[in-house]
Amino acid sequence: MPSRPARPLPAPRRLLAALLPMALLALPLAAPPAAAQATPAADELPLEDIQTFAEVFERIKRAYVEEVDDSTLLRNAMRGMLSELDPHSAYLDRNEFQSLRESTEGEFGGIGIEVGLEEGRLTVITPIDDTPASRAGLQARDVITEIDGTSTERLSLQESVTLMRGEPGSQIQLTILRSGEEAPLDVTLTREIIRTESVRSEMLEAGYGYLRVSQFQSRTGEQVANAVRRMERDGALQGLVLDLRNNPGGVLQAAVAVADAFLESGLVVYTEGRLPDTQMRFSASRETAAPDVPLVVLINGGSASAAEIVAGALQDQRRGVIMGTESFGKGSVQQVMPLGNGEGLKLTTALYYTPNGRSIQALGIEPDVTVVRGRVEVTEGSRQLREADLEGHLRSRSEPRAATGEMAERLREDYQLGEALNLLKALNVLERR
């Protein structure tokens, strides 16, 4: 009598059948002493919990209000497994994994615009210089209504950004609304490699520079060194403000490179984790862009991770004055691990420590000088009229022509920046005396 083929197990039972052998393989070959049975070995798979997992899986498949495929359930389980570890570990799908790589590398295929949502509409904040967007004439406050025929009305900001990015050389069509134009404009652009700049520099006054680092990407250390050299072309710097406010962090090695731009030697940071490759120490090299320039570092509650590494190193090495408010307190290191299916894993693998051995996890960096962000208000009539205020006044031969009312207004608006500049001037006075 011919045998009947075995009926395939339902998907949850197949899952249980696959998981149970792994649990059995993890069980010890010989029964341990009674005293040891109460505490299972760390590498054993808990058989009862695996059975419960499979039971939950099967009940969802059978009874949930909508049908859910096995792949979605398993990915949700992996996401939950990671999200419950800490706020920074995560399972990354293809888009999230690619977006993370692009943000750390500082380059991607796109058209070169910064966008945001204003009153629910996708709006151009600014086109980046020398990109397809700027060459095509896109302007700030242009409203993008369609991307390749897809309406942006119901898209999230991230979904819109994902649609606009793509392979260099591929074309994209945008439909935009512009103030003053009667009809929508259709603009066709060709995507290119867009390189984002994480460093901005300018002179606050003659001899006093400003260096803003918005995040730490793979090229940030190089950009900082180049910016310092550019500012020094007009003469030696008497002081420098390094602005790390609202910097969320980024690449660990980039933070080391930025700190190294101001340090000639000594430890910058070290990390400690469970695996040997997470025990790392990073020290400054002798090649330093600005070893002697008086330095004030601005931080606040938005300065996190790599920004705190830089602030902590410069503070412990007594290289600069840390000013502002207490930093965020993210002292953990995440490693991004690619998976075989094109997706990725972001996993917390270590904690980092400042040169003096401080762990700032959930503590943050305390500034040397606490200055709360605010604005200096000048009461009307409280300031006396001066010769320089008179229209058409004769300019002194030594009066700096680059000085503008715009910078003075900015320093009034940004109280912390103004105080940083004042402190640098005071440090120079004390040094001369």
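**From one residue to the whole chain**

Leu185 touches Leu174, Thr175, Ile176 and Arg178, leaving aside residues up to four places away in sequence. This contact list belongs to a predicted model. Leu185 is found in strand β8, which covers residues 185-190. One of its partners shows how sequence and space can be set side by side: Leu185 and Thr175 are 10 residues apart in sequence, and their C-alpha atoms are 5.5 Å apart in space. Is Leu185 buried or exposed? Neither word applies, because its relative accessibility is 25% and Leu185 therefore counts as partly exposed.

A second strand residue may be examined in the manner of the previous one. Asp243 is found in strand β12, residues 239-243. Asp243 counts as buried because its relative accessibility is 2%, and the limit for a buried residue is under 20%. Which residues does Asp243 touch, not counting residues up to four places away in sequence? The contacts are Tyr210, Leu211, Arg212, Val213 and Leu298.

From strands the reader may turn to a helix. Helix α3 spans residues 47-63 and has 17 residues. From its first C-alpha to its last, α3 reaches 24 Å, close to the 24 Å expected at 1.5 Å a residue. Within α3, the residues Ile50, Ala54, Phe57 and Glu58 are buried. Why do they lie on the same side of α3? They cover an arc of only 95° around the axis, and therefore they share one side of the helix. A general rule helps here: an α-helix has 3.6 residues a turn, so residues three or four places apart point the same way. The face of α3 turned away from the buried side carries exposed residues, namely Glu48, Arg59 and Ala63.

The next topic is the empty space in the structure. Rolling a probe the size of a water molecule over the atoms shows where such space is left. The largest pocket holds about 1,100 Å³ of space. Of the 34 residues that line the largest pocket, Phe108, Ile113, Glu114, Ile128 and Thr196 are the closest to its centre. Several elements each supply at least two residues of this lining, among them helices α5 (94-105) and α7 (157-164) and strands β2 (107-110) and β3 (113-118). The largest share of the lining comes from β9, with 4 residues. By class, the lining of the largest pocket divides into 11 nonpolar, 13 polar and 10 charged residues.

The second largest pocket holds about 880 Å³ of space. Its lining has 31 residues, of which Gly250, Val251, Leu252, Gln334 and Val336 lie nearest the centre. Which element gives the most to the lining of the second largest pocket? Strand β17 does, with 6 residues. Elements that each supply at least two residues of this lining include α5, α9 (252-260) and α10 (306-316). Helix α5 thus appears in the lining of the largest pocket and in that of the second largest pocket. The classes in the lining of the second largest pocket are 14 nonpolar, 13 polar and 4 charged residues.

Finally, the chain may be viewed as a whole. Its secondary structure comes to 12 helices and 19 strands. Of its 433 residues, 36% count as buried; Asp243 is a buried residue. Among the contacts in the chain with a separation of 6 or more, 67% join residues 24 or more positions apart.

Note on methods
Residues numbered from 1 in each chain as written. Predicted model: local features only at pLDDT ≥ 70, side-chain atom pairs only at ≥ 80, totals over all residues. Heavy atoms only, no water. Expected span 1.5 Å × (residues − 1). Buried < 20%, exposed > 50% of the residue type's maximum accessible area, 1.4 Å probe, protein only. Arc of directions from axis to C-beta. Contact = heavy atoms within 4.5 Å. 1 Å grid on protein atoms, 1.4 Å probe; cavity = no way out; pocket = protein on both sides within 12 Å on 5 of 7 lines; lining within 4 Å. Points joined across faces, edges and corners; volume = space filled by probe spheres on them. Nonpolar A, V, L, I, M, F, W, Y, C, P; charged D, E, K, R; others polar.
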